[in-house]
Amino acid sequence: MKKYLLLFMSLMLILVTACSKESDTGEEESKDGSTTLRVVYKDEGPSNPVAQKYFETLSKALKEDKDMDVKFELVEMPQGNYAEKLNLLLMSGDIPDMIYFQGGDQQIADQDLLEDLGPYIEKSENVKNILEPHNEKRLANYPYLLWIKPLDSKTPVIRKDWFDKTAGSKELMEDPTIDNYYNFFKELVENPPGGSKPVNAITAAGDITELDYIFEMAFGLNQTWLKEGNGYIYSKVSDKEKEKLEFYNKLYEEGLLDQQYLTKQWDTKEKAFYDGETAVIVGTNGKVIDIYDGKMKQVNGDEASLVVLPPAKGEDQGFTATDITKESRGMAISSQSKHKDIAFEVLDYLASDKGQLLDRIGFEGEHYNVTDSSIELTDKYYSEWYARFWEPAEFNTEKPLKTPLLSEPAQKSRDLANEFYKEDNSFILPEQYISNWDAMENLYKEYATDIITGKRPVSDFDKFVDEWNQAGGKEITSYANENIK
């Protein structure tokens, strides 16, 4: 029944798309001869004045530098889950030229509605020169999303004045074993460096993903599929996972892990950090840590600049393995677009030195100033600006930057992410397994949450493993053992 429903939806999508394109004929070409590209991008809609200014500035730069007469029409997205809202938009037949995905792209690509970017990249002037090894491997596996960013590993941070006041912090973090991390957290709660605060040592946004960036590898969970005997076992049904959940339960029961972490969102998590209600949070290395550092100093003074903490050390050490099956987010070009070549030229321009000047450091006079000898970044750059598109390792400007792109903590977080880089062995699941896999992942989240919060005993993990296998785990494990190389 599901297959017939999917087939029906696919046929309807193609029909509606065709009708939509026919009805829109001529609307994309303006009377002045310019080309209008419709763009859908999370949080970058027409109601966002910074987004409007960004794309207007990009349009002027393309005209001046490339003699390209391109205008951008930003698509407003309703509030809520972006992936779901985007999917509803696309399934209605409204498919913009350039699409930012943050999940939900594969079912659209499976219907041949996304352009294969491989040939464009191969012929590109700039994009092909700034790809990182993990970008190249992901594109080889899945050529529909482009996202040229540094590794997206997340790193834990604490404000420096609190770190310095915490007894034994330097010694514990020089040898960050699981036990030493526990002792560090315990000291933060029992002898709060902020006086009566923090209420807890660490919080997270809604689930344990951010905790995993610190502790997962230390428990030996260093890949999605763990080598066991002559085969592989899914890491989340392993004894190592059980040990990890037992440790998280210990953090929760002793008040070291925020009792309200399940209801935290990214904004309330960050507010708790700035307000001193939690000592440690986890954020994406690089620019996100830069923003955290800037805001923390704005709220609590320069002495509250951040210290980046290392990943816990045990059987292994790192900030979780990097998935190279595909980009988890990124820019796509609609295969239905009448302006695919122009859309990619825009993406390629943003990879050039001049394109990067806008994308990386913002608006002149606002985020940076040009002097006779250098480019000076403003406080506003450090506190709010981020690259909308690409962020390659090399960034060249005609005049040198007076100050580095990243603050010291942000650069430290990026250096640690690169130091502990390790590739995962996950793979793209065939379509027939996807619905079962989603249900199995929800089953894991249910059991993991209940074990951590004490609603279930740790021994119930064995029940979870049995249910997981019965829900399709045996079949997927067999598939994994046949396909992992």
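# A walking tour of the model

Welcome! Select asparagine 180: leaving aside its neighbours within four places in sequence, this residue is in contact (heavy atoms within 4.5 Å) with Leu172, Met173 and Asp175. You are looking at a predicted model, in which local features need pLDDT of at least 70, side-chain atom pairs count only at pLDDT 80 or more, and totals for chains, interfaces and linings use all residues. Residues are numbered from 1 along each chain as its sequence is written, and side-chain values use heavy atoms, with hydrogens and water left out.

**Stop 1: helix α10**

Stay with asparagine 180, which sits in helix α10 (residues 178–190). Helices here are DSSP runs of H or I with at least four residues, strands are runs of E with at least two, and both are numbered from the N terminus. Asparagine 180 has a relative accessible area of 16%, so it is buried. Buried means under 20% relative accessible area, exposed means over 50%, and partly exposed is in between (1.4 Å probe, protein chains only). Now show the side chain of asparagine 180: it reaches the backbone oxygen of aspartate 175 at 2.7 Å.

In the same helix, α10, pick lysine 186 and glutamate 190, which are four residues apart, about one turn of the helix. They form a salt bridge, with their closest N and O atoms 3.3 Å apart. A salt bridge is a side-chain nitrogen of Lys or Arg within 4 Å of a carboxyl oxygen of Asp or Glu. Lysine 186 is partly exposed, at 25% relative accessibility.

**Stop 2: strand β8**

Next, select residues 278–284, strand β8. Seven of its seven residues are buried, so the strand is largely enclosed by the rest of the structure. Which strands lie alongside? Strand β4 (residues 154–159) runs antiparallel to β8, joined to it by five bridges; strands pair if DSSP finds at least two bridges between them. Look for proline 156, whose bridge partner in β8 is valine 282. Strand β5 (residues 200–202) pairs with β8 in the parallel sense over two bridges, and there isoleucine 202 stands opposite valine 280.

**Stop 3: helix α18**

Move on to α18 (408–419). Its buried residues are Pro409, Ala410, Ser413, Arg414, Leu416 and Ala417. Look down the helix axis and these residues fall within an arc of 160°, so they line one face of the helix; the arc is that of the directions from the helix axis to the C-beta atoms. That buried set packs against β4, α14 (287–300) and β9 (306–308). On the other side, Glu408 and Glu419 are exposed.

**Stop 4: lysine 422**

Then select lysine 422, in the loop between α18 and α19 (431–452). At 30% relative accessibility, this lysine is partly exposed. Apart from neighbours within four places in sequence, lysine 422 is in contact with Met217, Asn222, Asp316, Ala321 and Thr322.

**Stop 5: a salt-bridge network**

How many salt bridges does a search of the whole structure find? The total is 36. For one of them, select arginine 456 and glutamate 446, whose side chains meet at 3.7 Å, N to O. This pair links distant parts of the chain: arginine 456 is in the loop between α19 and α20 (461–483), and glutamate 446 is in helix α19, ten residues apart. Add Asp450, Asp460 and Lys463 to the selection, and you have one network with Glu446 and Arg456, joined by salt bridges that share partners.

Note on methods:
Polar contact = N/O pair within 3.5 Å; in protein donor to acceptor, adjacent residues only side chain to side chain.
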